[in-house]
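Dear colleague,

I am passing on the structure we spoke about, and it appears just below. My notes on what was found in it follow, and I would be glad if you could read them with the structure open.

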Amino acid sequence: MITLIIGLIFNIALGAAKLVAGILSDSTAVSSDALNNLSDAAVSVVTIIATALSARAADREHPYGHGRYEYISTFILGAVIVAVGVEVLRGGIERAAHPETVNFGAAVWATLGVAIGVKSFMTAFYALRGKKMKSDTIRAAALDSASDAAVTTVVLVCALIEKFTGVHFDGYVSIAVAVVILVFAVRILKSTVDRLLGNRPDPELVNSVNAVLSESKSVISSHDLIINDYGASNKIAEVDAVFPHDMSFVDVHAECDAIERAVLEKTGVRLCVHADPDSCTERETALFSRVSGAVENLGATVHDITVDDENKLVRMDVLVTGDAPESEIKQMIGAAVRQSLSYDTEIHTDYI
């Protein structure tokens, strides 16, 4: 929260200073840059409110907490920046069509120079805080600050060129600023929509959970890891873990509890372990080895192989992690199965 409040204060101060400088110099480029900062300030207000709401504990109506308020605020951030970008683009096109002389004074140069320094500091500050807090919103603010610093630098350089050459860059610089703003906004919106729809979980987090599972001496293998995202600090997951078929129910239950506690402690993920018995026959084990060898170079792994002799069918789940077409993977699996059995294959495809 303090991080966002600090950013809010900086953005209001910079936006106001640039707006005054833009009015005094009659520069649409500087005024556009000011609107960019003021939109960041407005977004910071929304983000602060959303962060406070997302920190609320789970309740009867929201048993998974309120963490997704952060994603909603990030979406609002993107929408506001789109609106600002469109307005800046309109002003830039108008100034490019009807150029006017810009009057830059010492105060304007000083304002732009200080703004570049402050935004560079904010970039580093947000990046460090975002990494420490694992907050997508603060990481987005770091990228936004970096783009602001770059945009202000371009405005400053083009202003210097215009002052000493007389060539009117002001409108074109405004258009360039608008393009930067709109591209950044689209990236934010796409990322947020992906999170709300449910995209592939962070590979680093998946590896961390799998590492804890692999530490268990009782777990033969694991599959079907699903991580549900309810906010930056609220991940709920489930996984199928294979245990020896002769291991007692009591021991399996105790091991599942131990794994869940370890995953929560090391990753912050609340995991639910579903126990599968290792009940493969020798024929299924041999078939597993053959099929796995056939698709490993295609970035796919198989699990839960069963042979249905009555219906002459081999069923299995396939995890696709590479870029190979699903049709090619299924073709390779079918060919591998037919080397051992004249059975059809029924394949369920997983992507996580």
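In this predicted model, α2 passes α6 in a right-handed crossing. Helix α6 covers residues 170–197, and it packs with α2 at an angle of about 20 degrees, the two axes lying 8 Å apart. Because angles under 35 degrees count as roughly parallel, α2 is roughly parallel to α6. On the α2 side the contact is made by Thr28, Ala29, Ser32 and Asn36, while α6 brings Asp170, Gly171, Val173, Ser174 and Ile181. Sorted by class, the contact of α2 with α6 has five polar residues, three nonpolar residues and one charged residue.

The second helix pair to look at is α1 with α4, which pack at an angle of about 160 degrees with their axes 10 Å apart. Since an angle over 145 degrees counts as roughly antiparallel, α1 is roughly antiparallel to α4. The crossing in which α1 passes α4 is left-handed. From α1, the residues that meet α4 are Thr3, Ile6, Gly7, Leu8, Phe10, Asn11, Leu14, Ala17, Lys18, Ala21 and Ser25. Their partners in α4 are Val108, Thr111, Ala115, Val118, Lys119, Phe121, Met122, Phe125, Tyr126, Arg129 and Met133. Of the residues in the contact of α1 with α4, 14 are nonpolar, five are polar and three are charged.

I then turned to the enclosed space. The count comes to four cavities of 30 Å³ or more, and the largest cavity has a volume of about 150 Å³. Its lining is made up of 16 residues, and those that lie nearest the centre of the largest cavity are Asp40, Ser44, Leu77, Tyr126 and Ala141. Tyr126 therefore deserves a second look when you have the model open, being named both among the α4 residues that meet α1 and among the residues nearest the centre of this cavity.

Which helices supply at least two residues each to the lining of the largest cavity? They are α1 (2–25), α2 (28–54), α3 (69–97), α4 (106–133) and α5 (136–165), and the largest share, five residues, comes from α5. By class, the lining of the largest cavity divides into seven nonpolar, five polar and four charged residues.

With best wishes

Definitions and conventions: Residues numbered from 1 in each chain as written. Predicted model: local features only at pLDDT ≥ 70, side-chain atom pairs only at ≥ 80, totals over all residues. Heavy atoms only, no water. 1 Å grid on protein atoms, 1.4 Å probe; cavity = no way out; pocket = protein on both sides within 12 Å on 5 of 7 lines; lining within 4 Å. Points joined across faces, edges and corners; volume = space filled by probe spheres on them. Helix = DSSP H or I, 4+ residues; strand = E, 2+ residues; numbered from the N terminus. Nonpolar A, V, L, I, M, F, W, Y, C, P; charged D, E, K, R; others polar. Axes fitted to C-alpha atoms, helices over the stretch in contact; angles between N-to-C directions. Parallel < 35°, antiparallel > 145°, perpendicular 65-115°, else oblique. Left-handed = near helix turned anticlockwise from the far one by under 90°. Contact = heavy atoms within 4.5 Å.
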